[in-house]
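Biologist: I am new to this structure and would like to learn how to read its features one at a time. Could you take me through them slowly, giving the general idea before the case at hand?

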Amino acid sequence: MDFHDVIEYRVHVRELNDVGSALDFTSLGNFPILEKVNASINCEDATADEVERVEAAMRDAVEAHPNHPVLQVERHGTEKMKVSNQKGQKVRACSSFSNLM
């Protein structure tokens with residue numbers, strides 16, 4: 001594979017949310033021969049909803065790509081994710097979430 005065939009994303013969900021960055025992965029369209037997207041997602045201090053929004057944005061960008069590359073997602077730091085309680089407050093989670101992909 002050529003170096004343009006595979007893109008590596010490293011995303012820290014909490015930092016992405018803290019800076020208010022848009023979940024825009026449309027730059028994938030700049031690589032017309034793209035075959036695979038490897039996404040490493042740092043889930044530490046993020047909620048499951050926040051992580052799922054990032055993953056959904058990545059899936060949408062991959063599905064919109066004319067070459068329909070394969071998306072491989074790896075979650076890291078799941079043992080340090082936060083969960084929202086009934087009042088919407090974030091609390092530290094004690095258990096690990098499994099990888100969706």
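Biologist: Let me begin with one residue: is Glu55 buried or exposed?

Modeller: This is a predicted model, and burial in it is judged by relative accessible area, with anything under 20% counting as buried. Glu55 has a relative accessible area of 1%, and therefore it is buried.

Biologist: Which residue forms a salt bridge with Glu55?

Modeller: The general idea is that side chains of opposite charge can pair when their charged atoms come close. In this structure the partner of Glu55 is Arg75, and the closest N and O atoms of the two are 2.8 Å apart. Arg75 lies in strand 3, which spans residues 70-76, while Glu55 lies in helix 2, so the pair ties together parts that are 20 residues apart in sequence. Arg75 also counts as buried, because its relative accessibility is 13%.

Biologist: How many salt bridges are there by this rule?

Modeller: The count comes to three. Another of them joins Arg14 to Glu50, with 3.1 Å between the closest N and O atoms. Here Arg14 belongs to helix 1 (residues 13-18) and Glu50 to helix 2 (residues 48-64), so parts that are 36 residues apart in sequence are tied together by the pair. Arg14 is buried at 17% relative accessibility, and Glu50 is buried at 7%. There is also a salt bridge between the side chains of Arg10 and Glu8, with an N to O distance of 3.9 Å, and in that case both Arg10 and Glu8 are exposed.

Biologist: What does the side chain of Glu50 reach, and at what distance?

Modeller: A charged side chain may also be examined for contacts with the backbone. The side chain of Glu50 reaches the backbone nitrogen of Thr47 at 2.7 Å, in addition to the salt bridge that Glu50 forms with Arg14.

Biologist: Turning to the nonpolar side chains, which residues have the most contacts inside the largest nonpolar core?

Modeller: One reads a core as a set of buried nonpolar residues joined through their side chains. The largest one here has 23 residues, and those with the most contacts inside it are Tyr9, Phe25, Leu28, Ile41 and Met58. At least two residues of this core come from each of strand 1 (6-12), helix 1, strand 2 (36-42), helix 2 and strand 3, and helix 2 gives the most, with seven residues. If residues up to four places away in sequence are not counted, Met58 touches Tyr9, Val11, Phe25, Ala39, Ile41 and Leu71.

Biologist: How many aromatic pairs does the structure hold?

Modeller: For aromatic rings, one looks at the distance between the centres and the angle between the planes. The structure holds one aromatic pair, formed by Tyr9 and Phe25, which meet edge-to-face at 5.2 Å centre to centre with 85° between the planes. Because Tyr9 lies in strand 1 and Phe25 in the loop between helix 1 and strand 2, the pair ties together parts that are 16 residues apart in sequence. Both Tyr9 and Phe25 are buried.

Biologist: What pattern does the protein chain follow when read along the sequence?

Modeller: The chain has two helices and five strands, and they follow one another as β-α-β-α-β-β-β. Of its 101 residues, 35% are buried. Among contacts with a separation of 6 or more, 72% are between residues 24 or more positions apart.

Methods: Residues are numbered from 1 along each chain as its sequence is written. This is a predicted model: local features need pLDDT of at least 70, side-chain atom pairs count only at pLDDT 80 or more; totals for chains, interfaces and linings use all residues. Side-chain values use heavy atoms; hydrogens and water are left out. Helices (H or I, at least four residues) and strands (E, at least two) are DSSP runs, numbered from the N terminus. Buried means under 20% relative accessible area, exposed over 50%, partly exposed in between (1.4 Å probe, protein chains only). Contact means heavy atoms within 4.5 Å. A salt bridge is a side-chain nitrogen of Lys or Arg within 4 Å of a carboxyl oxygen of Asp or Glu. A polar contact is a pair of N or O atoms within 3.5 Å; within protein, one must be able to donate a hydrogen and the other to accept it, and residues adjacent in sequence count only if both atoms are side-chain atoms. A nonpolar core is a set of buried Ala, Val, Leu, Ile, Met, Phe, Trp, Tyr and Cys residues joined through side-chain atoms within 4.5 Å. Rings of Phe, Tyr and Trp (its six-membered ring) pair if their centres lie within 6.5 Å; planes under 30 degrees apart count as stacked, over 60 as edge-to-face and the rest as tilted.
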